[in-house]
Amino acid sequence: MENTLKEIMETDRIAREKVAEKRRRIETINEEIAESKAKLDKALQKKAQAAIERTRQDMDEKLKSEIKRIDKFFADTEESLNRSYDENGDRWVKEIFEAVTK
């Protein structure tokens, strides 16, 4: 009977050690998962930030290009109007004066 009691106690001790070992392993796994998640979150955040920066740069370039295009359009239009006025200004003034004084 004493041997049986010792065997039961030994079996119980071994079982408790195995349970404790499994709990430690679960804690280790949970820590590893948390570390992996943190690394993944950081990597995703860095990737998203890089994508945002690339998009911002693309938009800046498009904006500069559009501003340049609009500025050229207005400069060309102003030049055309000035040229037209230079060519026709005196005639227009004369025609307007004659129309008003009729």
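Of the 102 residues in the protein chain, buried residues make up 2%. This value, like those that follow, was computed from a predicted model. The accessible surface of the protein chain amounts to about 10100 Å², and carbon and sulfur atoms account for 58% of that area.

The secondary structure of the protein chain consists of one helix and zero strands. The radius of gyration is 42 Å, whereas the globule rule gives 13 Å for 102 residues; the protein chain is therefore more spread out than a compact globule. The extents of the C-alpha trace along its principal axes are about 140 × 25 × 10 Å. The single helix, α1, comprises residues 2–101.

Charged side chains were examined next. The protein chain carries 24 positive and 25 negative side chains, and the centres of these two sets are separated by 5 Å. Side chains of opposite charge can pair when their charged atoms come close. In the structure, 12 salt bridges were identified.

One of these salt bridges links D60 to R56, with a distance of 2.6 Å between the closest N and O atoms. Both residues belong to helix α1, and because D60 and R56 are four residues apart, about one helical turn separates them. D60 has a relative accessible area of 30% and is thus classed as partly exposed, given that this class lies between the 20% limit for buried residues and the 50% limit for exposed ones. Its partner R56 is likewise partly exposed, at 41%.

A salt bridge also joins the side chains of R83 and E79, with an N to O distance of 3.3 Å. Here too the partners lie four residues apart in helix α1, a spacing of about one turn of the helix. The relative accessible area of R83 is 41%, which places R83 in the partly exposed class; E79, at 47% relative accessibility, is also partly exposed.

Further along the chain, E95 and R91 form a salt bridge through their side chains, at 3.0 Å from N to O. E95 and R91 are both located in helix α1, with a separation of four residues, or about one turn of the helix. Both are partly exposed: E95 has a relative accessibility of 41%, and R91 has a relative accessible area of 43%. In addition, E10, R13 and E17 are joined into one network by salt bridges that share partners.

Aromatic contacts were also analysed, and the structure was found to hold two aromatic pairs. In the pair formed by F73 and F74, the ring centres are 5.4 Å apart and the planes meet at 70°. This arrangement is edge-to-face, because the angle between the planes is over 60 degrees. The two phenylalanine residues fall into separate accessibility classes: F73, at 47% relative accessibility, is partly exposed, while F74, at 52%, counts as exposed because its value is over the 50% limit.

The other aromatic pair consists of Y85 and W92, with a centre to centre distance of 6.3 Å and an angle of 50° between the planes. This pair is classed as tilted, since its angle lies between the 30 degrees below which planes count as stacked and the 60 degrees above which they count as edge-to-face. W92 has a relative accessible area of 32% and is partly exposed.

Conventions
Residues are numbered from 1 along each chain as its sequence is written. This is a predicted model: local features need pLDDT of at least 70, side-chain atom pairs count only at pLDDT 80 or more; totals for chains, interfaces and linings use all residues. Side-chain values use heavy atoms; hydrogens and water are left out. Helices (H or I, at least four residues) and strands (E, at least two) are DSSP runs, numbered from the N terminus. The radius of gyration is taken over C-alpha atoms; the globule rule is 2.2 Å times the number of residues to the power 0.38. Buried means under 20% relative accessible area, exposed over 50%, partly exposed in between (1.4 Å probe, protein chains only). Accessible areas come from the Shrake-Rupley method with a 1.4 Å probe; for residues, only the protein chains shown count as cover. Lys and Arg count as positive and Asp and Glu as negative; His and the chain ends are not counted. The place of a charge is taken as NZ of Lys, CZ of Arg, CG of Asp or CD of Glu. Rings of Phe, Tyr and Trp (its six-membered ring) pair if their centres lie within 6.5 Å; planes under 30 degrees apart count as stacked, over 60 as edge-to-face and the rest as tilted. A salt bridge is a side-chain nitrogen of Lys or Arg within 4 Å of a carboxyl oxygen of Asp or Glu.
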